[in-house]
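This briefing concerns the structure shown below. Please keep the sequence and the model in view while reading.

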Amino acid sequence: MERILITGGAGFIGSHLAERLVATGHAVRVLDAFSPQVHGGGSALRASQGGELERVGAEVMVGDVRSAAVLRRALHDIQGVVHLAAAVGVGQSMYRIADYAAINMQGTAALLQALLPARRMGGTGTRRRCELGSGVRRLVVASSMSVYGEGAGRCPACGPVAVGPRRREQLERGDWEAQCPHCCRAAEPTPTREDKAADPRSIYAISKLAQEQMVRCFGQAYGIPAVALRFFNVYGPGQALGNPYTGVAALFSARLRAGAAVPIFEDGRQQRDFINVRDAARACHLALQSGISGTFNIASGEPVTIGALAQELANAVGRPLRTDYGGAFRIGDVRHCLADTTTAEEQLGFRAEVPRRQGLGELAAWLEGQPAVRAVQTAREELRAFGLGG
């Protein structure tokens, strides 16, 4: 039995992973700051969430991943670390820059630094090597599809192309498709492989790329298998409905339950890849078991347009679909990002198992017992106030 530390372990993916690891025989320690934006502002609510994890058999620590003292306690007797602690939200990161840099990049740096004081030299003679006395033998970090910027594209005339960012003036005239940099034709989306050059378009995306690079660099330097998982759009029971920057599937579902129109940016034909949270947790588990290093897309490999997703959610929730196509847009949003999951299948043995229709049904059922929230409009107003939306 190994002892696993999950930073951010009381969050959406983390809580599902903690339950899975405990059920498969691991001892699990969860470290979480219980941010009010994610977990609600009340101490009673946060205590109940920690209590749920304790009831399934996880040890819960409340603390900030940037604290050296907290990390010393959290890392005691730990063999594997899954680093999920992060501030999440592409739009919000553009006007809370210092917060995102501190939590995501400084937090990751603090975690890696905390592994070093316990180092020792192993082996003899020319074979001496540095080993981490903490006993940590595997590192997994959550990254994001956002590091790609626009996904891979193909121009009908020029072939495969690296699609650049869409300009504000292009968005303001409702010209939504990303363009070929050579002939300006609309580029067709193609599945994105891990070897596509990163092109982060937000502070959040930059911070996620930095997190994965720090962890991979640390792993290579100290001989520890280190895996970065680039999650695409994760959805399912347990999403933070009070957080306006949470997943679109949960926010759409909440609007449908309230009988409100679903706000859809651009024309609704932008494509994404949605993966169920149980599959995301299983990917983390496989990464811990693998003993390899690498960067992997974690997705279903089955793209869907945002407009079609809204209709699928309406069917799952059992409500008529009313949409608000107001031509709104957000600066920094990508048009399409589809996943090529071949590398994860071949090297991790990961393949998504939960069909989207089943997963959306489970999300709809879970939402029936949740309170209604109205945080989306506030988020849109904040984006407009900073000149980031239209």
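The points below cover one strand and its partners, the cysteines, and the nonpolar cores.

The model is predicted. Strand β2, spanning residues 27–32, is mostly covered, with six of its six residues buried. The structure holds zero disulfides. The largest nonpolar core has 36 residues.

**Strand β2 and its neighbours**

- From β2, A27, R29 and L31 point one way, while V28, V30 and D32 point the other way. Residues on both sides of the strand are buried, including R29 and D32.
- In a regular strand, side chains alternate between the two faces of the sheet.
- Strand β1 (residues 3–7) runs parallel to β2 and is joined to it by five bridges. Within this pairing, L5 has R29 of β2 as its bridge partner.
- Between these two strands the chain passes through helix α1 (residues 12–23), and the resulting β-α-β crossover from β1 to β2 is right-handed.
- Strand β3 (residues 59–62) also runs parallel to β2, with four bridges joining the two. Here D32 is paired with V62 of β3 as its bridge partner.

**Cysteines**

- Which cysteine sulfur is nearest to that of C155? It is the sulfur of C183, 3.4 Å away, and C155 is in no disulfide.
- Because a disulfide requires sulfur atoms within 2.5 Å, the 3.4 Å between the sulfur of C183 and that of C155 is too far for a bond.
- C155 is buried, with a relative accessible area of 1%, whereas C183 is partly exposed, with a relative accessible area of 28%.

**Nonpolar cores**

- In the largest nonpolar core, the residues with the most contacts inside it are I13, L229, F231 and I298.
- At least two residues of this core come from each of β1, α1, β2, β7 (138–144), β11 (226–231), α10 (277–290), β15 (294–298) and α12 (342–348). Helix α10 gives the most, with eight residues.
- Leaving aside neighbours within four places in sequence, I298 is in contact with L229, R230, F231 and F232, and also with I275, A280, A283, A344 and F350.
- A second, separate core has 24 residues, among them A74, L111, L112 and A228.
- In soluble globular proteins, nonpolar side chains tend to be buried together.

Note on methods:
Residues are numbered from 1 along each chain as its sequence is written. This is a predicted model: local features need pLDDT of at least 70, side-chain atom pairs count only at pLDDT 80 or more; totals for chains, interfaces and linings use all residues. Side-chain values use heavy atoms; hydrogens and water are left out. Buried means under 20% relative accessible area, exposed over 50%, partly exposed in between (1.4 Å probe, protein chains only). Two strands pair if DSSP finds at least two bridges between them. A crossover is right-handed if, with the strands pointing away from the viewer, the path from the first strand over the helix to the second runs clockwise. A nonpolar core is a set of buried Ala, Val, Leu, Ile, Met, Phe, Trp, Tyr and Cys residues joined through side-chain atoms within 4.5 Å. Contact means heavy atoms within 4.5 Å.
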